[in-house]
Amino acid sequence: MASATSVAGLIVASVAVATFSGTMHARGESHAPEATRSTPAANVVRVTGEDFKFDAPDEIPAGLTEFRFLNKGPSLHHMAILKLTDGKTIDDLRKLLANPGPPPSWVKEVGGPNAPDAGTEANATVRLEPGNYVLICFVDIGGPPHFTKGMVRPLRVVASKNATASVKADATLDLFDYNFKLSTEIRAGTRTIEVRNVGQQHHEVELVRLAPGISVSDFMKWMEKMEGPPPGKALGGVAGMDAGTTQYFSADFTPGNYALLCFLPDAKDGKPHFVHGMVQQITVQ
C-alpha cells in the first residue's frame with residue numbers, strides 16, 4: 001500500500017457500504033504490470049478509476065466478462081458492481097442513495113474488482129445477464145463516499161451468444177458467516193481463484209500481501225491506530241457479493257504471507273465482518 005490512507009480507505013469503505021446497505025441493506029489502457037491471467041473465452045472490459053470518476057464503456061455484451069480495473073488514484077478505489085432489476089435505472093439508485101430507506105429487492109450486489117493500491121490493477125470475472133448495472137465506489141477517506149463525488153456510472157449489458165464461456169480455477173475460496181475456506185494451498189505464481197459466497201448474507205474478499213515478517217495479527221493491530229507505513233499491499237479480490245453468487249479473480253502470488261479480509265457491515269449489528277472473525281492469514285510458498 002502506498003500510504004496509511006490506502007488501508008484506511010478499506011476500513012471506512014465498510015462505513016460507506018453500511019450507509020448504503022445497512023439502512024437499505026471504458027476503456028482505460030493500463031501500462032502498469034497486470035496481475036491477471038486472461039480468460040480467452042471471456043469478454044475483457046477495461047475500466048479506469050481515479051479521483052473521482054470511472055472511465056468505462058457505456059454498453060457491453062452479456063456473458064462471461066473479465067473486468068480489469070486500473071486504479072489511477074491517487075486515492076484508494078474499487079469497482080463494485082450493482083445490478084438494478086425491475087426496470088430501475090441509475091436515477092432510481094441516486095434517489096435511493098440520497099434518501100436511504102428500507103432494503104429494496106431491486107438492488108443486487110454482483111461483486112467486481114476489489115480495491116488495489118493506487119497505480120495498480122485488479123480484476124474480477126463474472127457472468128452477466130442482460131440488464132441495467134452500475135459501477136460504484138463506496139470508499140470514503142476522511143470525507144463523503146466516493147460515489148457522492150461522481151464515482152457512480154451506469155452500465156448497460158445487452159444480449160449476446162457468449163453463454164458457454166468458462167473459467168478454469170486453481171482453487172476455490174468459500175465465503176461464509178464468518179470466515180474463509182480455501183479448497184487447497186495456493187502456490188506461487190499467477191493463480192485464478194473461484195470465489196463462492198456460501199453464507200447467509202453479503203460478503204467480499206480483500207486480498208492484502210503482508211510485508212515480510214508481518215502476521216495478520218500485526219496487521220490488525222496496525223489498523224487500530226494506523227500509525228506509520230501500512231504493513232501490507234492491497235492487491236484486490238472481489239467486492240461485495242450477494243449470498244449464493246460466484247465469481248473469479250486472478251492475482252500474482254509471490255511467496256509470503258497474505259491476509260484475506262471482509263470489511264462489509266453485518267446485517268445484524270452493522271459491524272465489519274472482520275470484527276466477527278472474517279479475517280484469515282494464508283501462506284504462499
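# Contacts, spaces and backbone geometry

Me: In this predicted model, with which side chain does the side chain of E66 make a polar contact?
Reply: E66 belongs to strand β4, which covers residues 63-73. A polar contact of 3.3 Å links the E66 side chain to a second side chain, that of R68.

Me: Is E66 buried or exposed?
Reply: The relative accessible area of E66 is 1%. The limit for a buried residue is under 20%. Because 1% falls under that limit, E66 is buried.

Me: What distance separates the C-alpha atoms of T125 and R68?
Reply: T125 is located in strand β7. Its relative accessibility is 4%, so T125 counts as buried. T125 and R68 are 57 residues apart along the chain, and their C-alpha atoms are separated by 8.7 Å.

Me: Which residues that line the second largest pocket are the closest to its centre?
Reply: The second largest pocket holds about 160 Å³ of space. Its lining comprises 14 residues. Those closest to the centre are E109, V110, V126, R127 and T245.

Me: Which strands each supply at least two residues of the lining of the second largest pocket?
Reply: By class, this lining has 5 nonpolar, 3 polar and 6 charged residues. At least two lining residues come from each of β6 (107-111), β7 (121-128) and β15 (246-253).

Me: How many residues of the lining of the second largest cavity are nonpolar?
Reply: The second largest cavity has a volume of about 50 Å³. It is lined by L173, L182, I186, I193, L207, F249, F253, L260 and I282. Leu, Ile and Phe are counted as nonpolar. With no polar and no charged residues in this lining, the nonpolar residues number 9.

Me: What is omega for the cis peptide bond from D51 to F52?
Reply: F52 sits in the loop between β1 (43-50) and β2 (53-55). The bond that leads from D51 to F52 is cis, with omega near -5°.

Me: Which residues are joined by a cis peptide bond with omega of about 0°?
Reply: One partner, P74, is found in the loop between β4 and β5 (80-84). The cis bond with this omega joins G73 and P74.

Me: Is D86 buried or exposed?
Reply: D86 lies in the loop between β5 and α2 (90-98). Its phi is near 60°, a positive value in a residue other than glycine. A residue with a relative accessible area over 50% is exposed. Because the value for D86 is 60%, this residue is exposed.

Me: What is the relative accessibility of M226?
Reply: M226 occupies the loop between α3 (216-225) and β14 (232-241). M226 is not a glycine, yet it has a positive phi of about 55°. M226 counts as partly exposed, at a relative accessibility of 21%.

Me: What is the average pLDDT of the chain?
Reply: Of the residues, 84% score at least 70. Averaged over the chain, the pLDDT is 87.

Me: How many contacts does the stretch of residues 1-9 have beyond near neighbours in sequence?
Reply: The pLDDT is below 50 over residues 1-9. Low pLDDT means that the predicted coordinates should not be read in detail. For residues 1-9, the number of such contacts in the model is 28.

Me: How many contacts beyond four places in sequence does the model have for residues 11-39?
Reply: Over residues 11-39, pLDDT stays under 50. Beyond four places in sequence, the number of contacts in the model for residues 11-39 is 91.

How values were computed: Residues are numbered from 1 along each chain as its sequence is written. This is a predicted model: local features need pLDDT of at least 70, side-chain atom pairs count only at pLDDT 80 or more; totals for chains, interfaces and linings use all residues. Side-chain values use heavy atoms; hydrogens and water are left out. pLDDT is the predictor's confidence in each residue, from 0 to 100. Contact means heavy atoms within 4.5 Å. On a 1 Å grid over the protein atoms alone, a cavity is a set of points where a 1.4 Å probe fits but cannot get out, and a pocket is an open set with protein on both sides within 12 Å along at least five of seven lines; lining residues have an atom within 4 Å of a point. Grid points are joined across faces, edges and corners, and a volume is the space filled by probe spheres set on the points. Helices (H or I, at least four residues) and strands (E, at least two) are DSSP runs, numbered from the N terminus. Buried means under 20% relative accessible area, exposed over 50%, partly exposed in between (1.4 Å probe, protein chains only). A polar contact is a pair of N or O atoms within 3.5 Å; within protein, one must be able to donate a hydrogen and the other to accept it, and residues adjacent in sequence count only if both atoms are side-chain atoms.
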